[in-house]
Amino acid sequence: MCGRYTQSRETAAIETRFKFAPSEIELMPMYNIAPGQTAPVVVGADPRELKLMRWGLIPHWAKEEKIGYRMINARAETLNSKPSFKGLLRKRRCLVLADGFYEWAKSKDKKVKTPLRYILKGGEPFAMAGLWTSWKAPDETWLESYTIITTESNELVAEVHDRMPVILAEEKEGAWLDPRLADPEELAQLLKPYPADLMEGYQVSRRVNSPANEGEELIRSLDG
């Protein structure tokens, strides 16, 4: 799964990379993004648009927004068979902007969990495949939310967990956003584990265990 991640760039630093239209949204570095928080995603194809949405998908039919905490991830293998995701797969795909994600290694007795941060070699930003939707609250306001798609882990992440977020290769991001692409089988070809040899992971402070903690110190390596 993906239960926590980072996006430490400001708007100007990623506008060119993700090719979204000029935006008035001013992004601040986020080093411990947790479910229920608002974070940046990119939607649309021509033009692409930067938006802020809540992490944790709230289906249009939901009666309460708290269901979003149970829908922070969506398995790539079952997207086309789950009613909550099937329609969104065809029409509401997004790029979830990130530059790292966290996973926890368990000790042999499972009493200690050691947090690790996974990044691309070089530390550049990347996009995780996501789905998004709009939900009308009882007070008639609209709330946009998203879920992060996961797949089986590559050899690197598999050392600590059997699932990882789908990281899209830069050249595949356009296809993921392209509204003309709606065939589930073709879309499934984009949702593969990112090559392990293009990634690295390192141990970070246990302070990241609490979503209440923020700050650049959370992503500093403890590996020496």
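**View 1. Gly-36 and the residues it touches.** Setting aside neighbours within four places in sequence, Gly-36 makes contact with Arg-54, Trp-55 and Tyr-69 in this predicted model. To find Gly-36 yourself, look in the loop that links strand E2 (30–33) with strand E3 (38–43). Is Gly-36 buried, partly exposed or exposed? Its relative accessibility is 25%, so Gly-36 counts as partly exposed, because that class lies between the buried limit of under 20% and the exposed limit of over 50%.

**View 2. From Gly-36 to Gly-174.** This view takes in two glycines, Gly-36 and Gly-174. They are 138 residues apart in sequence, and their C-alpha atoms lie 27 Å apart in space.

**View 3. Strand E9 and its cover.** Strand E9 spans residues 126–136 and is mostly covered. Of its 11 residues, 10 are buried. As a handy reminder while you look along it, side chains in a regular strand alternate between the two faces of the sheet.

**View 4. E9 beside E6 and E12.** Here we follow E9 to two of its pairing partners. Strand E6 (residues 93–98) runs antiparallel to E9, and 6 bridges join them. A good place to start is Ala-98, which sits opposite Phe-126 of E9. Strand E12 (residues 167–168) also pairs with E9 in the antiparallel sense, over 2 bridges. In that pairing, Ala-127 faces Leu-168 of E12.

**View 5. The E9–E10 hairpin.** Which strand forms a hairpin with E9? The partner is E10, with 5 residues between the two strands. Strand E10 covers residues 142–152 and pairs with E9 in the antiparallel sense over 7 bridges. Within this pairing, look for Leu-131 opposite Thr-147 of E10. In the turn, take a moment to spot Glu-140, whose phi is positive at about 80 degrees.

**View 6. Stepping back to the whole chain.** The close-ups belong to a chain with 4 helices and 13 strands. A compact globule of 224 residues would have a radius of gyration near 17 Å, and the chain agrees with its 17 Å. Along the principal axes, the C-alpha atoms fill a box of roughly 45 × 40 × 35 Å. Buried residues make up 51% of the 224 in the chain. Among contacts with a separation of 6 or more, 66% join residues 24 or more positions apart.

**View 7. The surface and its charges.** The accessible surface of the chain is about 11400 Å², and carbon and sulfur atoms account for 50% of it. The chain carries 32 positive and 33 negative charges, whose mean positions are 7 Å apart.

Terms used. Residues are numbered from 1 along each chain as its sequence is written. This is a predicted model: local features need pLDDT of at least 70, side-chain atom pairs count only at pLDDT 80 or more; totals for chains, interfaces and linings use all residues. Side-chain values use heavy atoms; hydrogens and water are left out. Buried means under 20% relative accessible area, exposed over 50%, partly exposed in between (1.4 Å probe, protein chains only). Contact means heavy atoms within 4.5 Å. The radius of gyration is taken over C-alpha atoms; the globule rule is 2.2 Å times the number of residues to the power 0.38. Accessible areas come from the Shrake-Rupley method with a 1.4 Å probe; for residues, only the protein chains shown count as cover. Lys and Arg count as positive and Asp and Glu as negative; His and the chain ends are not counted. The place of a charge is taken as NZ of Lys, CZ of Arg, CG of Asp or CD of Glu. Two strands pair if DSSP finds at least two bridges between them.
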